[in-house]
Amino acid sequence: MKPCAFDYEHIDELSRACAELQGGNARLVAGAQSLGPMLNLRLARPAALLDISRLPELRGFAESDDGLLVGAAVTHAEIEDGLLPDVTRGVLPRVARGIAYRAVRNRGTIGGSLAHADPAADWVSCLSALGGEVVLVGVDGGRRMRVRDFVVGAFHTALRAGELVAAVRVPRLAPGSRFGYFKACRKTGELAHAIGAVFVDSEGGTERVVMGATGGRPVVLEGEGAMAGTGWEEALETSAPGLDELDRRLHLETLRRACELSETL
Amino acid sequence: MRRKEDDRYMRGRGEFVGDIRLAGMQEVAFLRSPVAHARLQAIHKPEGGEGSVFIAADLDGVKAIRAVSALPGFKISEQPVLAADKLRIVGELMAACVAPNRAAAEDLADSIEYELEELPAVHDMLQALQDGAPLVHEEWGDNIFQQTFVDGDIESVRERAAVRVEREYRTSRQSMAPMEGRGVVAVWDRRLEQLLVYTSTQMPHIVRTGLSECLGLAHEQVRVVAPDVGGGFGYKGILLPEEVCVCWLAMKLGRPMRWLEDRREQLSANANCREHHYRVTAYADERGRLLALDADAVVDAGAYSAYPFSACLEAAQVASILPGPYDFQAYRCRATSAATNKPPILPYRGVARTGVCFAMELTLDAIAREVGREPSDIRLECLVPPSAMPFDNITNKHFDSGDYPECLRRAVKAIGLPEVRKRQQSAEADGRLIGVGVSIFCEQAAHGTSVYAGWGIPMVPGHEQAVARLTPDGALELRVGIHSHGQGLETTLAQVGEEILGIDIERIRVIHGDTALTPYSTGTWGSRCMVMAGGAVAEACKQLRGRIAVIGAFLLGVEAAEVVIEDARVVAQDGRSVSLDEVGRTWYLRPQALPDDVNPGGLEVTVGYKALRDSGTFSYAAHAAVVAVDPRLGTVEILDYVVVEDGGVLVNPMIVDGQVYGGVAQGIGTALYEEMPYDHNGQPLASTLADYLLPGATEIPDVQIEHMETPSPYTAFGQKGIGEGGAIGPPAAIANAVNDALRPLGAEVCEVPITPRRLLRAIEAARASAPVDSATAVEAVS
């Protein structure tokens, strides 16, 4: 269980990463918490790894009135430990604390997790609920996308050739908004079998629920009454048609728990 | 008292196979079968691979691994070191690749081309027994390694039994998962003409025998060293084809060779255990007293008979131990070892007992529900009472001593049964259902010649030997053929030496794990070490004590009968004394001070030991659990867990507690998490620890342990084997607790691990078949 030989390059300039990604069989690596096992199992056989974990542009953060821009190479542990300003009234550190194990959180990055797009990843569901965005940078410049649109399927994103996730935009949450999050797991650190996330900002007129870990892109319902439960089954049926009855019920129950357990921030 | 071995473990100074580096050492990686069943039609070495890629045809003089049992009807399988014509398991070895590092060796394995003719696979033990199933070994004509029968007069009981309960149970295939996997470093010593093998094993002497047979070497040409071993649990009590192959490569290429098993190899190709299926019919009277048991058990033994315990390791024992700690009138059982296209079934802590306890204890709970009585009450009525001890049970197992009913009563008290029953009367605020369950079992351990002779596997334990030697500076060396890999035997055997010779345990060194330094032994398995090696060390120390007394008495100018040995000194009646240092120095370095007729055997003795009876000690334990079941998510939380156990006289209660805690953690794994599923093509589906769920610290409750200490009448200090019990009781106790919680829904789970899907399906099944009342209850929670 050792990887095939690959070239390793420490990247110190964002533009070079984009250029090198464009041609050839190169992959980005930051925390290597998903890519590492895939390399070792030889499921991934890139010719080169471009290490962006220490790229200054990806390691920083910037706070503004409407939210926080988090560099893609910021680790889950840094978020958990409150090393960044928290614009989410505790939501981000709380969700970070539930990701896998501390050893994984020490190395795994928020951008890497989104770019890997495992349906069971916490940031995919959580940020879809909060209305987070990714900032993508490519050879032709940058663009922004909602996380819920960025993840288009299991391990599948809207990234184009030569493009990478540079940052994540987390909106500032208003006092009085509500958030709930529940994962169906049997044990600490296990990948979730179902994720429910709910976010309500009555002042801003947002009500959004997410069913995650369905095996595909997160199932998002939005608008007044999204929490009420009508339409959940239909949305699940439409977006994740392959689920059996037990799984379907598990997803609905998980979201129901997220709503029940949601708290005012 | 601290464990002697912990200083090096805690400070990272242990030395495991993976820590060994020899000059010029090469790494080995294997090409493994991608399919469960196929004919290997051709295999092509890559260009230039002549000296680095080896296939079956290269293995001149190497014999397949054979573990034959003398049980009637046993069919022989040969486990090839490298597959020659047929592949029977995903992960079976097809070629060995040698390179300076593991990655390069894996590259070589990737570059080998081969042609396969795929055959339909036998993926399940029940499928294996159906007519027309594909054959794992064509020459057999069926897929049965062996069947064991116990016959009894069920018919006479059947007619008067008021209650009849029928159930089907299953325990899933598991991969036992020591922290350290297997690993081997082999080097041919040209000076000694000897193969030196470092391997992660529990039984270095048996590996030596197995290697010499497969490689055609004399015993004296093989030296096996088991250095520090990071957990065994039975997985390191077998000879692997990888070990044979790496040794052959070291001889062939004249360079040190190393193979370290990775987690994927361990999970998907090697470590397999526990897969049982039972059909049980039990008969009881109207009060639920068990009268008779009629069972058909099948064990999925995999494709080959593993060395040395054989393919009937589990099934043959199932038939004889299913009756558990109970006394009842009639018993009948058929136990089948079925061959499938899966890795061989291997011993795992609790061997056979975990499945047996699960089947028996769930059956008793089913009877209790049928008659509407407390499950522990119906057990108390048929447990063997202390007044009957020693007791020969219905399958002639000789229970040596103990108070089984008291053990259960204590567990019931400690778990707070009345409080739980009261709590169950009102609904929980979070909608979960509370349940309480018990299990009780006895565990034959340290059983010897008379038991294993009938089984007739390649290894029958006899006398266990120990060497005790006083060194010139008055310290004690103990040499034993067993191996310690977590059991704390470097401490407990030293305690035995201290008990008899009064030498501080800091000055006692226990030497184990090297066939060149220790007496032959079948090794560490069957919870036998404290009884057998402990007994041998005690006997050796007693004989050494006699020799020391003679020399000490001479130095003191008194008769040997007039001295005692206390605090590492030989003491005369008038209080004068000489130290053991002085005794040692005199024998080794100043023999002129001794009389001519001194015993020339000196201060070193080798003694063999057997217990007064070798039918085994019977430790026993009652486990009790309180669980909360979430009927919507299908999850189970263990709220409280109690173990009351009797391991006879405890040499070191702290170490026994550690054994119980560790075993319970593994038992919780069996109950709730661990499963190696296979698809219909025989592909293992949990080849990483992300898929194969092991319980972690947050899944293990704070276990309360109570000890009872009923001495065994047959052992040196009254001690009993206690190493495995922790892993036996949990699946039964937890499943009984879950089923107690599900009682209002009329649902029942009869398979472990109790995953959310299994639990939800059981509720679903109850909903579909329930009468209106419980259907309403089911609706209420769904």
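Two helices of chain B pack against each other in this predicted model. On one side, α15(B) brings B:Ile548, B:Ile551, B:Gly552 and B:Leu555, and these meet B:Leu580, B:Glu582, B:Val583, B:Thr586 and B:Trp587 in α16(B). Sorted by class, the residues of this contact come out as six nonpolar, two polar and one charged. Here α15 covers residues 529-556 and α16 covers residues 580-589 of chain B, and their axes come within 10 Å, crossing at roughly 95°. Angles from 65 to 115 degrees count as roughly perpendicular, and α15(B) and α16(B) are therefore described that way.

Now for the domains of chain B. The assignment gives three: domain 1 (20-119 + 182-229 + 236-270), domain 2 (276-448 + 613-781) and domain 3 (463-609). Domains 1 and 3 of chain B have C-alpha centres 40 Å apart, and their contact takes 13 residues from domain 1 and 13 residues from domain 3. On the domain 1 side, the elements giving two or more residues are α5 (204-215) and β13 (222-225) of chain B. The largest share of that side is from α5(B), with four residues. Its classes are eight nonpolar, three polar and two charged residues.

One residue to look up in chain B is B:Arg409. You'll find B:Arg409 in helix α11, which spans residues 404-415 of chain B. Is B:Arg409 buried or exposed? Something in between: B:Arg409 has 15 other C-beta atoms within 10 Å, so it counts as partly exposed. A residue needs 20 or more to be buried, and 12 or fewer to be exposed. B:Arg409 and B:Ala622 are 213 residues apart along the chain, yet their C-alpha atoms are separated by 8.8 Å.

On to chain A. Its secondary structure adds up to eleven helices and 15 strands. Its radius of gyration is 18 Å, close to the 18 Å that the globule rule gives for 265 residues, so chain A is as compact as a globular protein of that length. Along the principal axes, the C-alpha atoms of chain A fill a box of roughly 50 × 45 × 35 Å. Of the 265 residues in chain A, 47% are buried. Take the contacts in chain A with a separation of 6 or more: 62% of them are between residues 24 or more positions apart.

Chain A has its own split into domain 1 (7-46), domain 2 (58-171) and domain 3 (178-264). The C-alpha centres of domains 1 and 2 of chain A lie 18 Å apart. In their contact, twelve residues of domain 1 of chain A touch 18 residues of domain 2 of chain A. Helix α1 (residues 14-22) of chain A gives the largest share of the domain 1 side, six residues. That side has eight nonpolar, four polar and no charged residues.

Finally, the two chains touch each other. How many residues of chain B are in contact with chain A? There are 21, and they meet 16 residues of chain A. Helices α2 (102-110) and α19 (756-769) of chain B each supply at least two residues of the chain B side. The residues on that side divide into eight nonpolar, four polar and nine charged.

Here are the class counts side by side:

| Contact side | Nonpolar | Polar | Charged |
|---|---|---|---|
| α15(B) with α16(B), residues of the contact | six residues | two residues | one residue |
| Domain 1 of chain B, touching domain 3 of chain B | eight residues | three residues | two residues |
| Domain 1 of chain A, touching domain 2 of chain A | eight residues | four residues | no residues |
| Chain B, touching chain A | eight residues | four residues | nine residues |

How values were computed:
Residues are numbered from 1 along each chain as its sequence is written. Chains are lettered from A and ligands numbered from 1 in the order in which they are written. This is a predicted model: local features need pLDDT of at least 70, side-chain atom pairs count only at pLDDT 80 or more; totals for chains, interfaces and linings use all residues. The radius of gyration is taken over C-alpha atoms; the globule rule is 2.2 Å times the number of residues to the power 0.38. Two residues are in contact if their C-beta atoms, placed from the backbone, lie within 7 Å. Domain bounds come from an automatic or database domain assignment. Ala, Val, Leu, Ile, Met, Phe, Trp, Tyr, Cys and Pro count as nonpolar, Asp, Glu, Lys and Arg as charged, and the others, Gly among them, as polar. Axes are lines fitted to C-alpha atoms, for helices over the stretch in contact, and angles run from 0 to 180 degrees between N-to-C directions. Angles under 35 degrees count as roughly parallel, over 145 as roughly antiparallel, 65 to 115 as roughly perpendicular and the rest as oblique.
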